[in-house]
Amino acid sequence: MDKRSQMRELTAFDQRKHSTQVFLSAVLAALLFFSLEYNWLSPMTVIFLSVAAGLPDFRKMWQRENIKKQFLKSDAAKRLIHFNSIFGLVTLPLFLLWVYALLTDLITLQTFALIGLGAYVLAILEHRLYERHMAQLDDHYVTEAELREEQKWGSA
């Protein structure tokens, strides 16, 4: 169980893309937008349906992390990778509150955009620190940059 076989598994998992699912998500988003605009659905119903539509993405993230966890040797790295997956699920209510505040006019669109931009920048920084720390904890951890490089050259 080395990095190369882990990269092969992750590459095979990533190549199982379902373009139909992406298309249906875009259609659902458009329908929810128009139904909210014309007051056919309440903001809470739209949020509930949005969460339901996002669950397959959480499942994919969880499966991807489990593939990585199989190859790790360090117990600390296994705990941290599991904590990162749980953290994604725990932050979902904060995301829902943020969207709910916009939909119910508790915050302005500018505030919504600034919070979103700030959260995006923090998420990028957090992910880089997380990957650097995971690579230090366990030599078998494959970073996204390593995986992209292997996929680019086709050796994985």
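Before you click on anything, fix one term: a residue is buried under 20% relative accessible area, exposed over 50%, and partly exposed in between, using a 1.4 Å probe and protein chains only. What you have open is a predicted model, in which local features need pLDDT of at least 70, side-chain atom pairs count only at pLDDT 80 or more, and totals for chains, interfaces and linings use all residues. Residues are numbered from 1 along each chain as its sequence is written, and side-chain values use heavy atoms, with hydrogens and water left out.

**The whole chain**

Start with a cartoon view. The protein chain has 7 helices and 0 strands, where helices (H or I, at least four residues) and strands (E, at least two) are DSSP runs numbered from the N terminus. Read along the sequence, that gives α-α-α-α-α-α-α. The C-alpha trace spans about 55 × 30 × 25 Å along its principal axes. Colour by accessibility and you'll find buried residues making up 24% of the 156 in the chain. Now for contacts, meaning heavy atoms within 4.5 Å: among those between residues at least 6 apart in sequence, 69% join residues at least 24 apart.

**The annotated spans**

Next, select 20-36, 42-59, 80-101 and 107-125, which an unreviewed UniProt entry lists as "transmembrane region". UniProt positions are given in the numbering used here, feature names are shortened, and annotations may be inferred rather than shown by experiment. Zoom in on 42-59: this span is 94% helix and 0% strand, and its end C-alpha atoms lie 27 Å apart. Then hop to 107-125, with 89% helix, 0% strand and 26 Å between the end C-alpha atoms.

**Two loops**

Pick Asn 39, in the loop between helix 2 (19-37) and helix 3. Asn 39 isn't a glycine, yet its phi is positive, about 60°. Its relative accessible area is 67%, so Asn 39 counts as exposed.

Now jump to Asp 105, in the loop between helix 5 (92-103) and helix 6. Here too phi is positive in a residue other than glycine, near 60°. Is Asp 105 buried or exposed? It is exposed, with a relative accessible area of 67%.

**Helix 3 against helix 4**

Show helix 3 and helix 4 (residues 75-90) together: they pack at an angle of about 175°, with their axes 10 Å apart. Axes here are lines fitted to C-alpha atoms, for helices over the stretch in contact, and angles run from 0 to 180 degrees between N-to-C directions. That makes helix 3 roughly antiparallel to helix 4, a label for angles over 145 degrees (under 35 is roughly parallel, 65 to 115 roughly perpendicular, the rest oblique). For sticks, try some of the contact residues, including Phe 58, Met 61, Trp 62 and Glu 65 of helix 3 and Ile 81, His 82, Ser 85 and Leu 89 of helix 4.

Stay on Ser 85 in helix 4. At a relative accessible area of 3%, Ser 85 is buried. Which residues does Ser 85 contact, leaving aside its neighbours within four places in sequence? Met 61, Trp 62 and Glu 65.

Slide along to Lys 78, also a helix 4 residue. Lys 78 counts as partly exposed, at 29% relative accessibility. Not counting residues up to four places away in sequence, Lys 78 touches Lys 69 and Leu 72.

**The cores**

Select Met 7, Leu 10, Phe 13, Ile 67, Phe 71, Val 142 and Leu 147: these 7 residues form the largest nonpolar core, that is, a set of buried Ala, Val, Leu, Ile, Met, Phe, Trp, Tyr and Cys residues joined through side-chain atoms within 4.5 Å. Helix 1 (3-15) and helix 3 (43-71) each give two or more residues to this core, and helix 1 has the largest share, 3 residues. Apart from it lies another core of 6 residues, among them Leu 72, Tyr 130, Met 134 and Tyr 141.

**Last stop: helix 7**

Finish on helix 7 (residues 144-153), where Glu 144, Leu 147 and Glu 150 are buried. Look down the axis: the buried residues fall within an arc of 125°, so they line one face of the helix. The arc is that of the directions from the helix axis to the C-beta atoms. Helix 1, helix 3 and helix 6 (109-137) are among what covers these buried residues. Spin the view, and the face turned away carries the exposed Arg 148, Lys 152 and Trp 153. Just after helix 7, Gly 154 takes a positive phi of about 75°.
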